[in-house]
Amino acid sequence: MIEPLALVLYEKLMPGSQLVNRLQDLKYRVLPVNDPATLVPCAQQERPMLIVADLVCSNGDVVSAIRRLRQTQETKHIPVIAFGPDEGREDLREAALDAGATLVVTEAGIVSHLAQFLDKALEVE
């Protein structure tokens, strides 16, 4: 069986590398992405099963990238799990939900509860 592909948009080594390792443990192929501007073209080309994105990025606007994913025919169906700072920045988490993120979780919870978040994000409605 072919392992499903997950795109992981991150800049910070922690928890980014932990997420990559955890997804691989859960039998996902992982393609790291480090520039929000390349997220939509990469998703169009690679056709991932899901995207996990760190909302804090110094070289681009992740919320806008999520919005572009939702506005693009080929990528609007892809579940997006966004994560952000544990405290503060509620505005960023709300903006990600408004942009179309499937789930928005904290940085502390993303690695330890990843399997449950994947189950939730991949639920068929």
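## Helix packing, cores and odd backbone spots

Student: Start with helices. How do α2 and α3 pack, at what angle and how far apart are their axes?
Tutor: This is a predicted model. In it, α2 and α3 pack at an angle of about 40 degrees, and their axes are 9 Å apart.

Student: What does that make them, parallel or oblique?
Tutor: Oblique. Roughly parallel would need an angle under 35 degrees, so α2 and α3 are oblique to each other.

Student: Which residues meet there?
Tutor: From α2, Leu39, Val40 and Ala43. They meet Ala65, Arg68 and Leu69 of α3.

Student: And α3 with α4, what angle and axis distance?
Tutor: The angle is about 10 degrees, with the α3 and α4 axes 8 Å apart. That makes α3 roughly parallel to α4.

Student: Which hand is the crossing of α3 and α4, left or right?
Tutor: Right-handed.

Student: Which residues make the contact?
Tutor: On the α3 side, Val63, Ile66, Arg67 and Arg70. On the α4 side, Leu92, Ala95, Ala96 and Ala99.

Student: Switching to the interior. How many residues are in the largest nonpolar core, and which touch the most other members?
Tutor: It has 24 residues. Leu7, Leu39, Ile51, Leu55 and Ile66 touch the most other members.

Student: Which elements each supply at least two residues of this core?
Tutor: Three helices and three strands are worth listing by position. The helices are α2 (39-46), α3 (62-71) and α4 (90-99). The strands are β1 (5-9), β3 (50-54) and β4 (80-84).

Student: Where does the largest share come from?
Tutor: From α3, with five residues.

Student: Back to Leu7. Which residues is Leu7 in contact with, leaving aside neighbours within four places in sequence?
Tutor: Leu31, Val33, Leu39, Cys42, Ala43, Pro48, Leu50, Ile51 and Val52.

Student: What about a second core, how many residues and which ones does it include?
Tutor: A separate core has 20 residues. Ala6, Leu23, Phe83 and Phe117 are among them.

Student: Why do nonpolar side chains tend to be buried together?
Tutor: I can offer the tendency, not a cause. In soluble globular proteins, nonpolar side chains tend to be buried together.

Student: New topic, Thr75. Where is Thr75 placed?
Tutor: In the loop between α3 and β4.

Student: Buried or exposed?
Tutor: Buried. Thr75 has 0% relative accessibility, and the cut-off for buried is under 20%.

Student: What does the Thr75 side chain reach?
Tutor: The backbone oxygen of Leu69, at 2.7 Å.

Student: And which residues does Thr75 touch?
Tutor: Val40, Ala43, Gln44, Arg68, Leu69 and Arg70, not counting residues up to four places away in sequence. Val40 and Ala43 are also α2 residues that meet α3.

Student: Now backbone oddities. Which residues does a cis peptide bond join?
Tutor: Met14 and Pro15, with omega about 10 degrees. Pro15 is in helix α1 (residues 13-25).

Student: What is phi at Lys27?
Tutor: Positive, about 75 degrees, although Lys27 is not a glycine. Lys27 sits in the loop between α1 and β2 (29-33).

Student: Is Lys27 buried or exposed?
Tutor: Exposed, with a relative accessible area of 54%.

Student: And Arg47, what is its phi?
Tutor: About 55 degrees, positive, and Arg47 is not a glycine either. Arg47 lies in the loop between α2 and β3. Arg47 is exposed, at 65% relative accessible area.

Note on methods
Residues numbered from 1 in each chain as written. Predicted model: local features only at pLDDT ≥ 70, side-chain atom pairs only at ≥ 80, totals over all residues. Heavy atoms only, no water. Core = buried A, V, L, I, M, F, W, Y, C linked by side-chain atoms within 4.5 Å. Buried < 20%, exposed > 50% of the residue type's maximum accessible area, 1.4 Å probe, protein only. Helix = DSSP H or I, 4+ residues; strand = E, 2+ residues; numbered from the N terminus. Contact = heavy atoms within 4.5 Å. Polar contact = N/O pair within 3.5 Å; in protein donor to acceptor, adjacent residues only side chain to side chain. Axes fitted to C-alpha atoms, helices over the stretch in contact; angles between N-to-C directions. Parallel < 35°, antiparallel > 145°, perpendicular 65-115°, else oblique. Left-handed = near helix turned anticlockwise from the far one by under 90°.
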